[in-house]
Amino acid sequence: MSNWTRRLLPLRPPSESTVKWAELAKTLAEIAAILVAGWWAYTRFLAGEAPSLEERGSTESTLEWVEGDQRCTAFFGVAVKNIGKRAFDIDQTTVRVWLVTPPEPTAGITQFDPSEIMKTPSSFSRTLPAGTFTTHYAPDTGWHDDLAFSIPRDPDAHRRIALFAFEPHALASDGRPLKTALYEYRWSANCDVSVSQQAKP
């Protein structure tokens, strides 16, 4: 046996305090890894999945006219659908109509702003009866109705603009107002009847 071999000392087992510190460091590292993984999953959820879990609805509308001698009938069709993954409720719905006098022929190009018109008193306003759009909307369910209005004809030289607005009050499952606006509006010249309708006997 060489002198070098004789000088080797046997390894001492780690002290109890060293073992405790090592176990503590391992535990802390595991906790840190869990926290990092949890934070990563949470941020991924906020960025991707959470928005899809918000209550979301869509509203579509149509506007058709049937011509008469002194009056016209307007059919304002509205369809509401739940396109999200969570249910919502509509507890009240109001329909309003404005008959807006257009600018004089010499006024040049003028923009109609529906948001400004809707701030003025309407020509007609009605809260729809319970059961008309006021219901519980489970995911992938909806409601459609055609709202009919009888409106006086305008002289051809003084045609007004008819603006129809559908204004529901929708609530999320926790009672908060729905983030997605469900209101809808349509407009056209008053008693605007297509050529095909006018040609009917």
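How many aromatic pairs does the structure hold? The count comes to nine, and a couple of them get their own close-ups below. Keep in mind that this is a predicted model.

**View 1. Two phenylalanines meet at a tilt.** The rings of phenylalanine 76 and phenylalanine 164 sit with their centres 5.7 Å apart and their planes at 35°, so the pair is called tilted. Phenylalanine 76 belongs to strand β2 (residues 71-82) and phenylalanine 164 to strand β7, so the pair ties together parts that are 88 residues apart in sequence. If you go looking for these two, look inside: both phenylalanine 76 and phenylalanine 164 are buried.

**View 2. A stacked pair links β3 and β5.** Here phenylalanine 88 and tyrosine 137 form a stacked aromatic pair, with 5.2 Å from centre to centre and 10° between the planes. Phenylalanine 88 is in strand β3 (residues 88-100), while tyrosine 137 is in strand β5 (residues 136-137), so you're seeing distant parts of the chain linked, 49 residues apart. Why does phenylalanine 88 count as buried? Its relative accessibility is 0%, and buried means under 20%. Tyrosine 137 is buried too, with a relative accessible area of 1%.

**View 3. Five aromatic residues form one cluster.** Zoom out a little from the first pair and you can pick out Trp65, Phe76, Phe124, Phe149 and Phe164, which make up one aromatic cluster. Phe76 and Phe164 are the tilted pair from View 1.

**View 4. Arginine 176 sits in a loop.** Find the loop between β7 (161-172) and β8 (184-189), and arginine 176 is there. Is arginine 176 buried, exposed or partly exposed? With a relative accessible area of 36%, arginine 176 is partly exposed. The side chain of arginine 176 makes a polar contact of 2.5 Å with the side chain of aspartate 174. Setting aside neighbours within four places in sequence, arginine 176 is in contact with Glu55, Ala170 and Leu171. Phenylalanine 88 from View 2 turns up again here: its C-alpha atom is 9.8 Å from that of arginine 176, though the two are 88 residues apart along the chain.

**View 5. Stepping back to the whole chain.** To place the close-ups, note that the chain has four helices and eight strands, following the pattern α-α-β-β-β-α-β-β-β-β-β-α along the sequence. Of the 201 residues, 27% count as buried. Among contacts with a separation of 6 or more, 76% come from residues 24 or more positions apart. The chain exposes about 14,000 Å², with carbon and sulfur atoms supplying 58% of it.

How values were computed
Residues are numbered from 1 along each chain as its sequence is written. This is a predicted model: local features need pLDDT of at least 70, side-chain atom pairs count only at pLDDT 80 or more; totals for chains, interfaces and linings use all residues. Side-chain values use heavy atoms; hydrogens and water are left out. Helices (H or I, at least four residues) and strands (E, at least two) are DSSP runs, numbered from the N terminus. Buried means under 20% relative accessible area, exposed over 50%, partly exposed in between (1.4 Å probe, protein chains only). Contact means heavy atoms within 4.5 Å. Accessible areas come from the Shrake-Rupley method with a 1.4 Å probe; for residues, only the protein chains shown count as cover. A polar contact is a pair of N or O atoms within 3.5 Å; within protein, one must be able to donate a hydrogen and the other to accept it, and residues adjacent in sequence count only if both atoms are side-chain atoms. Rings of Phe, Tyr and Trp (its six-membered ring) pair if their centres lie within 6.5 Å; planes under 30 degrees apart count as stacked, over 60 as edge-to-face and the rest as tilted.
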